[in-house]
Structures are given as structure tokens and as C-alpha cells.
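Reader: I'd love a close look at one single part of this model, going atom by atom where that helps. Please give me the cut-offs as you go, since I like to know how each term is set.

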Amino acid sequence: MILRSTAVTRANSAFLRMEERVDFKYDGVNNESKERKGGHGIPKVSMVPLVFLIFYEVSGGPFGIEDSVKAAGPLLAIVGFLLFALIWSIPEVLITAEMGTMFPENGGYVVWVSSALGPFWGFQQGWAKWLSGVIDNALYPVLFLDYVKSSVPALGGGLPRTFAVLILTVALTYMNYRGLTIVGWVAVFLGVFSLLPFFVMGLIAIPHIEPSRWFEMDLDNVNWGLYLNTLFWNLNYWDSISTLAGEVENPKRTLPRALSYALVLVVGGYLYPLITCTAALPVVRESWTDGYFSDIAKILGGFWLHSWIQAAAALSNMGNFVTEMSSDSYQLLGMAERGMLPEFFAKRSRYGTPLIGILFSAFGVVLLSWMSFQEIIAAENYLYCFGMILEFIAFIKLRMTHPSTSRPFRIPLGTVGSVLMIVPPTILIVVVMALASFKVMAVSVLAVLVGFALQPALVYMEKKRWLRFSVREDLPDLLESSSGAAQDDTTPLVV
């Protein structure tokens with residue numbers, strides 16, 4: 001990887017002066033000569049692994065969706081996942097497809113926001129999203145141990161549990177160190193293994209289905225906070241894959257298609273077990289908590305199906321962990337390649353992986369593993385919402401200020417249509433943030449304020465030459481305008 005030395009202030013001004021340019025092209029990034037191998041000589045991620053990387057960034061399977069039935073009953077749970085997919089997931093998928101192909105580099109959404117709003121807000125986007133991802137990742141080793149403690153009671157608490165969390169974190173961190181292509185194919189295996197038992201359980205449930213059970217609803221007894229957080233947590237993070245765009249084979253064509261296939265896989269993976277299982281057995285809402293699908297499997301199919309789903313749930317958490325760590329660590333690498341973080345974050349291991357980013361992310365996971373499940377979900381949702389607001393603003397501003405810039409995939413809406421598309425998810429963001437507890441709100445706001453202080457502190461450190469910052473040489477120089485009109489090489493979302 002070739003870096004060109006530059007001051008942070010100059011690197012940052014490249015983003016600020018973007019308004020002066022007409023178009024830019026990624027001639028040095030992901031071109032045909034590098035289609036299958038990156039500049040570091042490591043094979044790039046192809047379509048199938050990419051679909052399952054997105055699947056695990058967002059979902060990992062229907063584990064954890066049981067709380068939606070507990071909170072609101074079967075009808076609102078089913079309708080909720082359909083409605084949220086429509087008003088939240090589809091707009092986020094479309095924006096990720098357009099912006100991710102417009103900026104096919106590892107900075108992802110950090111570059112989007114920096115290009116539209118300047119380096120300060122780009123850094124805040126990176127800080128909030130990275131912190132949200134690390135908080136999210138702290139959950140998965142804990143959930144894995146929750147599934148296996150019934151077989152190994154010693155892992156229920158105390159020092160054995162603490163050591164187990166550390167061992168799991170180290171082992172999965174090493175997998176990330178060995179390469180993104182390994183993580184991608186592991187995600188394929190885990191995804192198939194995790195979804196297959198639910199397909200089998202649904203087939204077994206069909207003869208027992210009573211459609212009237214789908215329509216059970218009690219609006220006077222709905223836990224709206226739990227309901228909305230469960231839906232939101234299970235249907236967000238579509239944009240996380242953008243931080244890996246520089247590692248994807250032909251991202252301008254592959255990324256939009258992979259997002260569309262993953263959308264079908266994720267939403268179908270939620271609705272299929274909800275529809276079959278809520279109608280196959282009488283619904284006792286209090287029983288619908290994390291892990292209840294394994295109890296239903298035991299009733300419908302026996303101990304073998306129960307064990308399969310428990311094993312799938314445990315391994316699915318591992319898939320969530322490795323894919324989340326990949327996006328978090330490559331985000332830090334992408335920020336360093338744009339001169340927004342110290343140069344050492346841009347160093348790659350011999351396997352082409354961002355070693356320092358992986359270590360930082362793993363350290364954050366260990367520090368935050370003490371948080372409870374509900375605190376983790378609420379805190380990551382709050383920080384994630386902050387980042388999404390910046391993404392929406394950046395998307396609209398770039399549509400207005402750079403309408404002719406090349407977008408290999410373009411949402412088939414004008415500026416007004418694009419604004420109308422993001423109104424429902426923006427309202428949802430406001431509601432989710434308003435429902436947060438005072439503790440979660442205070443901690444999240446404090447975390448955001450840390451980011452406000454951190455970015456100017458890094459600029460000061462660079463001016464004093466305490467740290468070295470560089471910009472990767474083959475990235476487009478956003479300081480200069482390209483000649484000629486933008487190409488209209490748009491790609492449909494689904495082939």
C-alpha cells in the first residue's frame with residue numbers, strides 16, 4: 001500500500017473543497033487489473049460470501065426476534081417485520097447501494113459524510129458507528145455462553161465465564177486476522193447451518209397451523225419500547241458492509257446485487273419461522289423470550305431439532321462477531337487511508353487485514369462485555385441512530401450539490417422523492433431515541449461529546465508532529481476536478 005504524506009488539515013480540506021469539483025473516478029481502486037486481488041495481493045470477496053457477510057452484519061438468523069411476540073403478540077410481530085423492512089431496511093439498502101458504489105472504498109459511510117459535510121462530521125460518523133459496532137460485538141460472546149451454559153453450568157458466571165469470554169474473543173479475533181475471504185466463507189457455512197433447522201421446523205409445523213392464531217392482538221398490553229427496539233435491532237446495520245467496499249470484487253456491480261439478495265434472505269429468515277410457529281402452537285406471550293424457538297423445536301420435532309437450533313444459535317453468534325469485527329476494523333483502516341486517523345491504522349498484516357483496527361476493536365469488545373443485554377441494544381441503537389441521521393443528510397446533500405457525479409447504482413428517485421423516502425425512517429429514528437432510558441441517553445450523549453473533542457485533538461497532535469497521518473496514493477484526489485461529464489453506468493438492484 002502506497003501512502004502519500006500529508007498534514008491532517010490538508011487531507012481534511014480535500015473533503016471540504018469537494019463542492020468545487022464536478023466528478024471523480026476510482027480509476028486506481030477496484031479496476032479490472034485488481035478485480036480479483038487487491039493492491040496487497042489478497043483475493044477479494046466475491047458474491048456469495050458477500051451476501052452472507054451482509055446477512056450476519058444485519059441478522060444472523062431469527063435468534064432474538066422472539067421478544068417481538070412477547071412485547072406485542074403475533075399479529076403486530078409479523079406486521080412489524082414487514083413494515084420495518086419497507087420503511088427502514090429498503091431505504092437503507094438503497095442508500096447503501098448508491099453511496100457504496102459512488103465511493104467504493106473502505107471508509108464507507110465515513111467518506112460519504114466527510115464528502116458532504118466535511119471532515120469533522122465525517123469523523124463523528126466514524127466514531128459513533130465504530131463505537132456502536134463494538135458495543136454490539138460485546139454481546140455475542142455473552143450470548144454464545146448463554147446458549148451453552150445449560151450443558152456446561154460452570155460457564156454461567158464467575159471466573160470461568162470471564163475466561164471463556166476472553167478465549168472466545170481471542171480465537172475469533174485471530175480468524176479476522178487471517179483474512180476477510182476466510183471470514184466470508186465461514187459466514188456462508190454458518191448461515192446455511194443456522195437457517196436450515198428453521199426451514200425444517202417450518203415444514204413440521206405446517207400440519208399444525210391454525211390461522212386464527214395470527215390475528216391475536218391486545219393493543220392495551222403492548223410494550224412499545226421492547227417492541228420497537230427488537231424490530232430496529234434486527235433490521236439495521238445494512239450500511240456496515242460499505243466499510244468493506246474496497247475489499248469486494250467489482251463492488252460497483254456486486255454490492256447492489258448482494259444487498260438485494262441479503263434483504264430477501266434476512267426478511268424471509270424472520271417471517272418464515274414467525275408465521276409458522278406462532279400459528280402451530282397456542283401463543284403464550286410470556287414464554288416468547290430469547291431461545292424460545294428451541295423450545296418450540298422440541299415440542300414439534302423432538303430433542304434432535306431442539307439441539308440443532310441451540311447449536312445454530314450458538315454458532316450464529318460467532319458469525320455475527322467475526323463479520324461485525326471485520327466491518328469495524330476495515331472502517332478504521334479506511335479512515336486512516338483518508339488521513340483521518342494516524343497512519344499506523346492503515347498498516348496491513350501479511351494476510352492483508354487491518355491488524356491495528358482488529359486489535360482496537362477486540363480491546364473495545366473486552367472492555368464493554370460487562371454490559372447487560374438490554375443496555376447493549378439500547379446504547380448501540382442510540383449511537384447508530386445518530387450516525388444514520390448524518391448519513392441521510394449526506395445522501396440528500398450530495399444529490400443536490402453533485403447530481404451529475406457518476407453513480408453506478410442510482411435510486412430511481414429525484415431529490416424530492418429521495419427526501420420523501422427518508423422521512424419515515426427519520427421519524428422512526430426520533431421515536432427510538434426518545435424511548436431510550438435516561439441512563440442510556442446520558443451515556444450515549446457523553447460518547448458523542450468524546451468524539452467532538454477527539455477529532456480536533458488528533459489535528460493538534462498532527463500539527464505538533466506527535467503522530468503521522470497519510471493518504472493512500474491510489475484514492476481519488478478530491479482536491480481536483482475531473483474533466484468530462486459523469487458516466488451514466490447505472491446498475492439495477494436486482495438482476
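Author: Happy to help; what follows starts from the surroundings of one asparagine and works outwards.

This is a predicted model, in which local features need pLDDT of at least 70 and side-chain atom pairs count only at pLDDT 80 or more, while totals for chains, interfaces and linings use all residues. Residues are numbered from 1 along each chain as its sequence is written, and side-chain values use heavy atoms, with hydrogens and water left out.

For orientation, the protein's secondary structure comes to 17 helices and two strands. Helices (H or I, at least four residues) and strands (E, at least two) are DSSP runs, numbered from the N terminus. Of the 495 residues, 60% count as buried. Buried means under 20% relative accessible area, exposed means over 50%, and partly exposed is in between (1.4 Å probe, protein chains only).

Now to the asparagine. Asn106 sits in the loop between helix H4 (74–102) and helix H5 (109–117), and it counts as buried because its relative accessibility is 2%. What does the side chain of Asn106 reach? A polar atom of that side chain lies 3.0 Å from the backbone nitrogen of Gly246. The side chain of Asn106 also makes a polar contact of 2.7 Å with the side chain of Glu247. A polar contact is a pair of N or O atoms within 3.5 Å; within protein, one must be able to donate a hydrogen and the other to accept it, and residues adjacent in sequence count only if both atoms are side-chain atoms.

Contact in the wider sense means heavy atoms within 4.5 Å. Leaving aside neighbours within four places in sequence, the contacts of Asn106 include Ser242, Leu244, Gly246, Glu247, Tyr330, Leu333, Glu337 and Arg348. For the protein as a whole, 86% of the contacts between residues at least 6 apart in sequence join residues at least 24 apart.

Some of those partners also pair with each other. In general, side chains of opposite charge can pair when their charged atoms come close. A salt bridge here is a side-chain nitrogen of Lys or Arg within 4 Å of a carboxyl oxygen of Asp or Glu, and the count by this rule comes to 11. In one of them Arg348 joins Glu247, with the closest N and O atoms 2.9 Å apart. Arg348 is in the loop between helix H13 (303–337) and helix H14 (355–368), and Glu247 is in the loop between helix H10 (224–234) and helix H11 (251–280), so this pair ties together parts that are 101 residues apart in sequence. Both Arg348 and Glu247 are buried.

Arg348 has a second acidic partner, Glu337, at 3.9 Å from N to O. Glu337 belongs to helix H13 and Arg348 to the loop between H13 and H14, so here the parts tied together are 11 residues apart in sequence. Glu337 is buried, as is Arg348. What do shared partners add up to? Salt bridges that share partners join Glu247, Glu337, Arg348 and Arg472 into one network.

Glu247 leads to one further neighbour along the way. The C-alpha atoms of Ser46 and Glu247 are separated by 9.3 Å, although these residues are 201 apart along the chain. Ser46 is found in the loop between helix H1 (8–16) and helix H2 (47–58), and counts as partly exposed because its relative accessibility is 26%. Leaving aside neighbours within four places in sequence, Ser46 is in contact with Trp185 and Glu249.

The helices that border these loops are worth a glance too. On the side of Asn106, eight of the nine residues of H5 are buried, so that helix is largely enclosed by the rest of the structure. Among the buried residues of H5 are Tyr109, Trp112 and Ala116. Just after H5, Gly118 takes a positive phi of about 100 degrees. On the side of Glu247, nine of the 11 residues of H10 are buried, so H10 is likewise largely enclosed by the rest of the structure. The buried residues of H10 include Tyr227, Asn229, Phe232 and Trp233.

To sum up the part you asked about: Asn106 touches Glu247 through a side-chain polar contact, and Glu247 is in turn bridged to Arg348.
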